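Colleague: I'm new to reading these models, and I keep tripping over the labels. Could you take me through the reasoning behind a few of them?

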Amino acid sequence: RALARGADASLCLSTFWRGFGDYIGYVLSRHGIERGRVVGRTPGRGHENGFDASDERVYENRSDEIVAWLSDHPEVLHFVILDDRDSAGRGVLQPHFVHVSTRSGLTKRDVEEALRILTFPRPPDLRSREAV
């Protein structure tokens, strides 16, 4: 909540559960984050490919998916990626990535780092396949 409100941030889901946007919105609202802050989801089919959350194949292209979404949204000038999987912060995305522990969840230190990262400019060319 401190991150979303403190940075007046919008959220794009790249989670395995991105296909359940209404449910994610509900869960966020229970933590004081308005549902309207969720503005999109990355491409990819995650759970729809017949994989379950324990299957690493679900996460292989997370960085590609994030780059694709950002490429379609040039209005996004600053961003941070919060994920428990390193595959979400490859290549040009790495400086915008905060690794969140699955054990402790989002910590105060993670939020502070995310707020710092949100001051970074958008990388100039996210359309390149070399971006990730």
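Modeller: Sure, we'll go label by label, and keep in mind that this is a predicted model.

Colleague: Then how do you know how confident the predictor is in the chain?

Modeller: By pLDDT, a confidence score that runs from 0 to 100. The chain averages 82, and 80% of the residues score at least 70. Among the elements, helix 1 has the lowest mean, 80, while strand 4 (residues 97-99) has the highest, 96.

Colleague: And why care about low scores?

Modeller: Where pLDDT is low, the predicted coordinates shouldn't be read in detail.

Colleague: Okay, next label. What makes D8 and R37 a salt bridge?

Modeller: Their closest N and O atoms are 3.4 Å apart. The cut-off is within 4 Å, for a nitrogen of Lys or Arg and a carboxyl oxygen of Asp or Glu, so this pair gets the name.

Colleague: Where in the chain do D8 and R37 sit?

Modeller: In distant parts of it, 29 residues apart. D8 belongs to the loop between helix 1 (2-6) and strand 1 (11-13), and R37 to the loop between helix 2 (21-30) and strand 2 (38-41).

Colleague: Are D8 and R37 buried or exposed, and how can you tell?

Modeller: One of each! D8 has 59% relative accessibility, and exposed means over 50%, so D8 is exposed. R37 has 15%, and buried means under 20%, so R37 is buried.

Colleague: Why do you speak of a network of salt bridges?

Modeller: R37 also meets the side chain of E34 in a salt bridge, at 2.9 Å from N to O. That links D8, E34 and R37 in a network. As for E34, its relative accessible area is 38%, which lies between the 20% and 50% cut-offs, so E34 is called partly exposed.

Colleague: How many salt bridges does the structure hold?

Modeller: Four. One of them joins E113 to R116, with the closest N and O atoms 2.7 Å apart; that is within 4 Å, so the label fits.

Colleague: What makes you say E113 and R116 are about one helical turn apart?

Modeller: They are three residues apart in helix 4 (residues 108-117), so about one turn separates them. E113 is partly exposed at 28%, and R116 is partly exposed at 44%.

Colleague: Back to D8 for a second. What is notable about its phi?

Modeller: The phi of D8 is near 50 degrees, a positive value in a residue other than glycine. Most residues other than glycine have a negative phi.

Colleague: Now, which residues form the nonpolar patch on the surface?

Modeller: F20, Y23 and Y26, with about 330 Å² of accessible area together.

Colleague: What makes F20 eligible for a patch?

Modeller: A patch residue needs over 30% relative accessible area, and F20 has 34%, so F20 passes that cut-off. You'll find F20 in the loop between strand 1 and helix 2.

Colleague: Last one: what can you tell me about the largest pocket?

Modeller: About 1500 Å³ of space lies in it. The largest pocket is lined by 44 residues, with L11, C12, L13, L82 and D83 nearest its centre. Helix 1, strand 1, helix 2, helix 3 (62-71) and strand 3 (81-83) are the elements that each give two or more residues to that lining.

Colleague: Which element gives the most to the lining of the largest pocket?

Modeller: Helix 3, with four residues.

Conventions:
Residues are numbered from 1 along each chain as its sequence is written. Side-chain values use heavy atoms; hydrogens and water are left out. Buried means under 20% relative accessible area, exposed over 50%, partly exposed in between (1.4 Å probe, protein chains only). Patches are made of residues with over 30% relative accessible area and no salt bridge: like charges are joined within 9 Å, nonpolar side chains (Val, Leu, Ile, Met, Phe, Trp, Tyr) within 5 Å. Accessible areas come from the Shrake-Rupley method with a 1.4 Å probe; for residues, only the protein chains shown count as cover. pLDDT is the predictor's confidence in each residue, from 0 to 100. On a 1 Å grid over the protein atoms alone, a cavity is a set of points where a 1.4 Å probe fits but cannot get out, and a pocket is an open set with protein on both sides within 12 Å along at least five of seven lines; lining residues have an atom within 4 Å of a point. Grid points are joined across faces, edges and corners, and a volume is the space filled by probe spheres set on the points.
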